[in-house]
Amino acid sequence: RLRKAIEESCPHLASSVYIRLKLMAEGELKDMEQFFDDLSDSFAGTEPEVHKTSVVGLFLRHMILAYNKLSFSQVYKLYTALQQYFQNDEKKNGIDESDMELTNTEELDGKMEKEELDVSLRDEEISCSGPLSQKQAEYFLSQQASLLKNDETKALTPASLQKELNNLLKFNPDFAEAHYLSYLNSLRVQDVFSSTHSLLHYFDRLILTGAESKSNGDEGYGRSLRYAALNLAALHCRFGHYQQAELALQEAIRIAQESNDHVCLQHCLSWLYILEQKIFDSCVLLEHSVNKSLHFGLPYLASLGIQSLVQQRAFAGKAANKLMDALKDSDLLHWKHSLSELIDISIAQKTAIWRLYGRSTMALQQAQTLLSMNSLEAVNVGVQQNNTESFAVVLCHLAELHAEQGYFAAASEILKHLKERFPPDSQHAQLWMLFDQKIQFESAMNDGRYHIADSLVAGITALNSIEGIYRKAIVLKAQNQMSEAHKLLQKLLIHCQKIKNTEMVISVLLSIAELYWRSSCHTIALPVLLQALALSREYSLQYLASETVLNLAFSQLILGIPNILHMAIEPVLAHGAVLDKGCAMFLVAKCQVASAASYTAQKRTEALESAILNLNEAKTYFAKVDCKEQLRDILYFQARLFHTLGKTQERNKCAMLFRQLHQELPAHGVPLINAFK
């Protein structure tokens with residue numbers, strides 16, 4: 001490449017440069033050393049041969065700096081590579097040196113580098129093969145690190161990036177930043193061995209090169225050690241090695257206390273809370289961490305503490321208004337210090353909290369807010385700046401919200417966008433994988449394709465064992481395998497009570513109550529439902545509470561105590577899924593018909609006509625999600641009501657539609673109209 005550049009600009013110099021380099025290659029190693037010493041003298045004197053700021057001067061200075069940074073082994077490799085270059089050049093018989101084509105030269109050059117330096121030539125823009133200058137290497141590393149944070153799809157693939165880093169480390173094994181990027185790259189593919197290896201090498205090189213000592217005085221060595229232990233604790237915690245994480249964290253705390261490093265101690269306290277909450281809830285540690293972080297001027301750490309505290313309080317059932325007030329206070333910190341990433345996390349947290357409390361409208365609003373925001377961080381043109389975990393969480397919730405309302409095509413488009421933005425090998429891909437499997441499962445269950453739903457259970461279990469077991473029980477229940485479903489739900493209930501997963505506990509209790517209904521044990525279902533209602537109200541889970549009340553109403557209806565529960569239906573109609581809305585309106589119609597038995601003839605007719613209207617509304621909801629079994633039940637019920645009212649034509653129409661669906665979906669021996677859902 002150098003020869004081509006000289007031939008194009010100064011052809012009469014090309015042969016002189018070639019001869020000078022050839023003499024150096026045919027001599028000894030000291031000749032090359034003398035060559036670079038002589039280059040430095042070119043800038044000396046009042047009238048130097050080359051000006052430092054000229055194009056040639058800048059090139060020579062750049063070359064001298066790169067050479068001076070080489071270790072002895074690297075200097076020797078460079079010299080042997082130069083010799084090999086000329087030896088290969090001479091082997092080209094019948095080709096004049098001055099007429100040699102560029103492509104042949106580059107092929108020989110590539111072969112030489114592959115054999116002698118064990119690197120491969122690639123485009124200069126994306127490759128770091130060959131001895132790069134410090135600035136070039138730093139630019140490459142900072143560029144890839146920025147892409148990993150902001151837009152992982154634009155960064156090199158894990159295998160390609162690791163290959164480039166290995167090439168870079170061959171020329172400069174003590175480049176600490178390259179080891180750290182290797183650590184981040186290993187985390188992308190969940191490689192615990194390589195990530196631990198790279199992290200330890202990073203801190204080893206940081207201490208050996210003295211980079212920390214120069215910037216932090218005598219404390220540099222100890223600072224590297226304590227932050228190495230802290231990062232190692234974080235790494236073990238990420239992979240679920242909590243015992244090793246606790247040992248590393250204790251080491252970090254000990255060194256930080258010896259050095260009186262309050263900042264490091266605050267980070268240790270935050271990670272101590274994360275480890276402790278795996279065993280028991282510890283708000284005291286977290287509150288202490290937030291107060292100390294604010295005292296030492298660590299807004300990022302303080303805000304993360306507030307976010308964790310809000311999440312813990314949400315699971316503990318605190319009122320939503322108090323949680324939102326706390327998040328509002330943390331938002332003030334974010335905007336004051338321009339903490340863009342934490343602003344995104346806060347909005348994603350609000351979305352998840354509203355979903356937990358069953359307020360889908362509010363969750364949808366928060367999700368749209370985040371998606372319409374622009375990041376405060378400056379990124380390069382063409383970089384998608386919102387490829388963070390917060391956006392993955394919000395988009396997953398958005399897909400599930402659309403699916404719940406029967407917009408499966410829209411949900412599919414959102415999931416398609418998620419797959420493009422977060423490829424399967426990216427670190428946040430498991431989020432959309434789980435939601436994708438759950439949406440497919442619900443669609444298959446609604447359509448009565450239980451064999452397809454059963455095949456999806458394995459994928460859900462691999463991503464989330466609790467969700468997988470729960471859905472396996474739902475499939476067994478739908479297939480009328482009541483005893484197997486009951487055993488599975490009982491085991492899941494004990495496990496969820498142990499880990500304090502209240503939301504799943506309530507869902508399991510509702511499923512157990514449904515098993516009792518199907519077994520005609522409605523009196524046994526009542527205590528189970530009352531337990532679920534007490535839990536949902538204690539933990540402020542309004543939507544689950546409304547659903548539980550509707551289940552109780554169904555039990556009372558079967559026991560001969562019909563009632564119309566408008567207060568319980570309102571939250572379901574306002575925030576519920578389409579399937580739940582249909583079930584609620586179906587239950588209202590059942591209660592209206594049961595209550596009409598004691599009415600006068602005119603009022604009874606009005607009540608039955610009102611029930612038919614409610615059944616039509618329920619039928620619309622069920623049609624949106626293609627729930628054929630519920631549609632069949634509604635048609636049967638409507639046919640009976642039309643018969644009672646003497647409307648023969650409408651009765652026959654409903655009967656015909658019922659027959660078509662009944663032939664397509666046989667009842668498997670289960671009595672019709674004997675379940676809330």
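Axes here are lines fitted to C-alpha atoms, for helices over the stretch in contact, and the angle between two of them runs from 0 to 180 degrees between N-to-C directions. Keep that handy for the first exercise; the model is a predicted one.

**Exercise 1. Work out how helix 17 and helix 18 are oriented relative to each other.**

Step 1. Two packed helices are described by the angle between their axes and the distance between the axes.

Step 2. For helix 17 (residues 320-337) and helix 18 (residues 340-356), the angle is about 170° and the axes lie 9 Å apart.

Step 3. Angles over 145 degrees count as roughly antiparallel. Helix 17 and helix 18 are therefore roughly antiparallel.

Step 4. Now look at who meets whom. Helix 17 contributes residues including Leu323, Leu327, Asp331 and Trp335, and on the helix 18 side the residues include Ile343, Ser346, Lys350 and Trp354.

**Exercise 2. Check the span of helix 8 against what its residue count predicts.**

Step 1. Helix 8 covers residues 158-171, which is 14 residues.

Step 2. At 1.5 Å a residue, these should span 20 Å. The end C-alpha atoms of helix 8 are 20 Å apart, so the two agree.

Step 3. As for burial, the buried residues of helix 8 are Pro158, Leu161, Glu164, Leu165, Asn167, Leu168, Leu169 and Phe171.

**Exercise 3. Decide how enclosed helix 30 is.**

Step 1. Helix 30 (residues 578-595) has 18 residues and reaches 26 Å from first C-alpha to last, close to the expected 26 Å.

Step 2. Of those 18 residues, 15 are buried, so helix 30 is largely enclosed by the rest of the structure.

**Exercise 4. Place leucine 395 in its surroundings.**

Step 1. Leucine 395 sits in helix 20 (residues 389-404).

Step 2. Buried means under 20% relative accessible area. Leucine 395 comes in at 6%, so it counts as buried.

Step 3. Leaving out residues up to four places away in sequence, leucine 395 touches Leu371, Ile414, His417, Leu418 and Arg421.

Step 4. Leucine 395 and glutamine 368 are 27 residues apart in sequence, with their C-alpha atoms 9.3 Å apart in space.

**Exercise 5. Say where the model's confidence is lowest and where it is highest.**

Step 1. Start with the whole protein: the average pLDDT is 82, and 86% of the residues score at least 70.

Step 2. The low is helix 6 (residues 102-117), with a mean of 43, and the high is helix 24 (residues 465-478), at 93.

Step 3. Residues 378-384 stay under 50, and the model gives them 11 contacts beyond four places in sequence. Residues 669-674 are also below 50, with 13 contacts beyond near neighbours in sequence.

Note on methods: Residues numbered from 1 in each chain as written. Predicted model: local features only at pLDDT ≥ 70, side-chain atom pairs only at ≥ 80, totals over all residues. Heavy atoms only, no water. Helix = DSSP H or I, 4+ residues; strand = E, 2+ residues; numbered from the N terminus. Expected span 1.5 Å × (residues − 1). Buried < 20%, exposed > 50% of the residue type's maximum accessible area, 1.4 Å probe, protein only. pLDDT = per-residue confidence, 0-100. Contact = heavy atoms within 4.5 Å. Parallel < 35°, antiparallel > 145°, perpendicular 65-115°, else oblique.
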